[in-house]
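Subject: Structure for your review

Dear colleague,

Please find below the structure I am handing over to you. My account of what was found in it follows directly after.

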Amino acid sequence: MSGGTRKLGRRLVLAAAAAALSALVASGVVASGQASGTSVESRVDSLVSKMTLDEKLEQLQLEADWQVNDDEARRGVGGVFSLTDPEKIDHLQHVAVEQSRLHIPILFAFDTIHGFRTVFPIPLGEASSFDPNVAHADAHYGARETAVTGIKQIYSPMVDVSHEPRWGRISEGAGEDPYLGSAMAAARVHGAQGNDYGAPHRVVTSPKHFAAYGQPEGGREYNTTDMSTQRLWNMYLPPFKAAVDAGAGTVMCSFNAINGVPGCGNHETETEILKQRWGFDGFVESDYTAVAELRTCPAKNPDSGPCGHGVAADGPDAARVALNAGTDQEMVSTNYVDFGKQLLAEHKITIARIDDAVRRILRVKFRAGLFDHPYVDWRRAEAQQLKPDAVAAAREAARRSMVLLKNDNKTLPLDPTKSVAVIGPLANDQHDMLGPWWGVGRDQDAVSVFDGIKAQDPNTTFAQGCTIVDRDPPDPPNDECGSDAGFDQAVATARAADQVVLALGETRGESGEAESRSNIDLPGKQQELIDRIKALGKPFVVVLFNGRPLTLEKVDAASPAILEAWFPGVQAGNAVADLLFGKANPGGKLPVTFPRSVGQVPIYYNHEPTGRPCDPTFKWNSRYRDIPTCEPLYPFGYGLSYTTFSITNLQLSSHTMRPRGAVRASVDVTNTGSRAGDEVVQLYIHDPVASIEQPVRRLRGFERVTLAPGETKTVSFRLDRSDVGFYDNSGSFVVEPGQIDVYAGDSSKASLTDSFTVTP
Ligand code: BGC
């Protein structure tokens, strides 16, 4: 088939999401001659030496489930994503391996972000656990369920640091802190890949979105990002570095531009930083049509499809920019395969660069074991889903991820021998519990709050109060608890019970990709529902399900108790009940600041100082005239427990540190209450005099400990150059002599302090 016909076919596929008009060209089976046991590099060399240019360009193509067909597989397409039917995957893999000329297997991929079938809490929730084991378990079971389906690559972890609660995708990452984000990123890579992603229950990870996608201007999805070099290196790159150091085999470049350079056309981030400086030898895939989006609008050659960045004139130009920048594989759009030959003939790209991209892709396929074991037994796939150990881990993850924001007068735990009314639009809801990346999770897998509470207290009633249904354009606007018609019945139900659980928040569709909000209050009339319940004078708790920090001043003022549950996954209701009845004690902490008002955004604990630090009592300072405090509603690292703790006795092993030495900081943490519980001990540092302003605090250590009543543990943290140093505005890591202040405590407001000096 001619290239022209094929291009047309691909364009039609793109435009109409229909099957490509392509026909079989490849014929003649030629043994690839790859012997198992020889090193990956020599197998890659040998295979590349046999490949035609067309076959090489095919490897650079990544197709969606709606694009791929047998012809594409036979022709040797490199990757396919979002196909989850194991029988179809197996079929296409057989076609690729048995009918393509060189028998190169397809790398199947999927967004296993917080679970495949066994859906875990959203990553922002798991970051609240301050326990990397939670992220590790999620990734481990997610990988097992994904791999048995025939999928060997996951587009996870999402490691974008974000200070933008308006941005829906803040739900997918670990929040605002690069240190916590790095710990979670590494845990996810280890959890999914282990030491060898070629093992049958393992998958290769793809940290994303490279880079600084978490800081779109105005919090508006896909919007531009403009930032200093030091900010990029200190705040946004560390979790990517941690993921790569943990062995991440692939990386996804981002939609957004940084300083005018789009993520998938950025030579500095993709090639100079990732591949050269960090020594990454895997491949970079583009995000969805991100290569086509490099084009100026209106789109040219092809005259349709996405466009906008304006760093490329047309399709061939976009392929040139992206490939030369370091993007190895193109997702959904088809400029590499369509125009690669032409660009080579025009000397706009080199065969060396094509070979480099192909080698990277094949290297990952060899390491993934695909050449030796391309098939899985798809008939076994279903039985491997939702297994009891995965479901138990999801319940534990959900319990550890929830954050107790308020508990006046020991409202919680509730008494399971008394009656409970479960009220609210999310109270009898399975669908939304799964969160914005539900994988192949099904609503019926999830335990609703009502069912979870009823299972532990049969004397439980339910009233919805209002409905909350989200719709995307062009459908009519959301119905987010817009009517109070059901409030009387909700109040009557609540009046008849001893205690009330209000299940409120956002739908899962209101958070996640393309779900930015300009107003981050509790949607609709939910606040009025709280006020009506409050008027009854009964003990009640607000349990919140949401994918972002919300502005909760009114909720906080009206409610005696608030539990931030995020989107907890399949075990939502059971985990909520465990915590509300005190079977488990909340120990999560906020991985992101909760503002009082959306006008404070961006507001984050690790900000730089100013010459006029905020002082609400004085005019000429960095304050808002209409907010009588400098504080957020709930700070980073904050969270309560049903017991109390004291953190005392900060000890430094030395008050000086040589530039290549280390200092240990230790504290004693004691459970001073009468229940067992968890505390997250947090260690922050501040460098008061440096060549560039240093954040007022930076988290450099945390540990979640479980203590019996009266029990004390000593927790210690090691600080070295990697902690006290920072990246300067040329991207160089520097360790400067001088004082380092240390703070220890139970949140970013920690007050226990000492300092040491880094010697020249
Ligand atoms: C998202 C990615 C995702 C990809 C494939 C894109 O729209 O930005 O995070 O991996 O789709 O599903």
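Phenylalanine 545 makes contacts with residues from several parts of the sequence of this predicted model. Neighbours within four places in sequence set aside, its partners are Leu426, Met433, Val449, Ala503, Leu504, Gly505, Glu506, Ala565, Trp566, Phe567, Pro568 and Val576. Phe545 belongs to the largest nonpolar core, which holds 116 residues. Together with Val501 and Leu580, Phe545 touches the most other members of that core. A second core, separate from this one, has 36 residues, among them Leu57, Leu102, Val321 and Val364.

As to the overall form, the protein contains 21 helices and 28 strands. A compact globule of 760 residues would be expected to have a radius of gyration near 27 Å, and the value of 27 Å found for the protein agrees with that. Along the principal axes, the C-alpha atoms occupy a box of roughly 80 × 65 × 50 Å. Of the 760 residues, 62% are buried. Among contacts with a separation of 6 or more, 75% are between residues 24 or more positions apart. The exposed surface comes to about 26,900 Å², with carbon and sulfur atoms supplying 50% of it. There are 75 positive and 95 negative charges, and the mean positions of the two sets lie 2 Å apart.

Helix α13 covers residues 335–345. Eight of its eleven residues are buried, so the helix is largely enclosed by the rest of the structure. The buried residues are Asn335, Tyr336, Val337, Asp338, Phe339, Gly340, Leu343 and Leu344. Just after α13 comes histidine 347, with a positive phi of about 60 degrees.

Some backbone geometry deserves separate mention. Most residues other than glycine have a negative phi, and most peptide bonds are trans. Against that background, serine 156 and proline 157 are joined by a cis peptide bond, with omega of about 5 degrees. Proline 157 sits in the loop between β4 (153–154) and α8 (178–193). Leucine 412 and proline 413 are likewise linked by a cis peptide bond, here with omega of about -5 degrees. The loop that holds proline 413 runs between β11 (403–407) and β12 (420–423).

Two further residues in loops have a positive phi without being glycine. Asparagine 301 has a phi near 45 degrees and is located between β9 (283–285) and α12 (315–325). Its relative accessible area is 29%, so asparagine 301 is partly exposed, the range for that class being from 20% to 50%. For alanine 514, phi is about 60 degrees, and the residue is placed in the loop between β16 (499–505) and α18 (526–534). Alanine 514 also counts as partly exposed, at 45% relative accessibility.

Finally, alanine 463 is part of strand β13, residues 460–463. Alanine 463 has a relative accessible area of 3% and is therefore buried, the cut-off being under 20%. Beyond its neighbours within four places in sequence, alanine 463 is in contact with Val422, Ile423, Gly424, Gln489, Ala490 and Thr493. Alanine 494 is 31 residues from alanine 463 in sequence, and their C-alpha atoms are 8.3 Å apart in space.

Yours sincerely

Key:
Residues are numbered from 1 along each chain as its sequence is written. This is a predicted model: local features need pLDDT of at least 70, side-chain atom pairs count only at pLDDT 80 or more; totals for chains, interfaces and linings use all residues. Side-chain values use heavy atoms; hydrogens and water are left out. A nonpolar core is a set of buried Ala, Val, Leu, Ile, Met, Phe, Trp, Tyr and Cys residues joined through side-chain atoms within 4.5 Å. Buried means under 20% relative accessible area, exposed over 50%, partly exposed in between (1.4 Å probe, protein chains only). Contact means heavy atoms within 4.5 Å. Helices (H or I, at least four residues) and strands (E, at least two) are DSSP runs, numbered from the N terminus. The radius of gyration is taken over C-alpha atoms; the globule rule is 2.2 Å times the number of residues to the power 0.38. Accessible areas come from the Shrake-Rupley method with a 1.4 Å probe; for residues, only the protein chains shown count as cover. Lys and Arg count as positive and Asp and Glu as negative; His and the chain ends are not counted. The place of a charge is taken as NZ of Lys, CZ of Arg, CG of Asp or CD of Glu.
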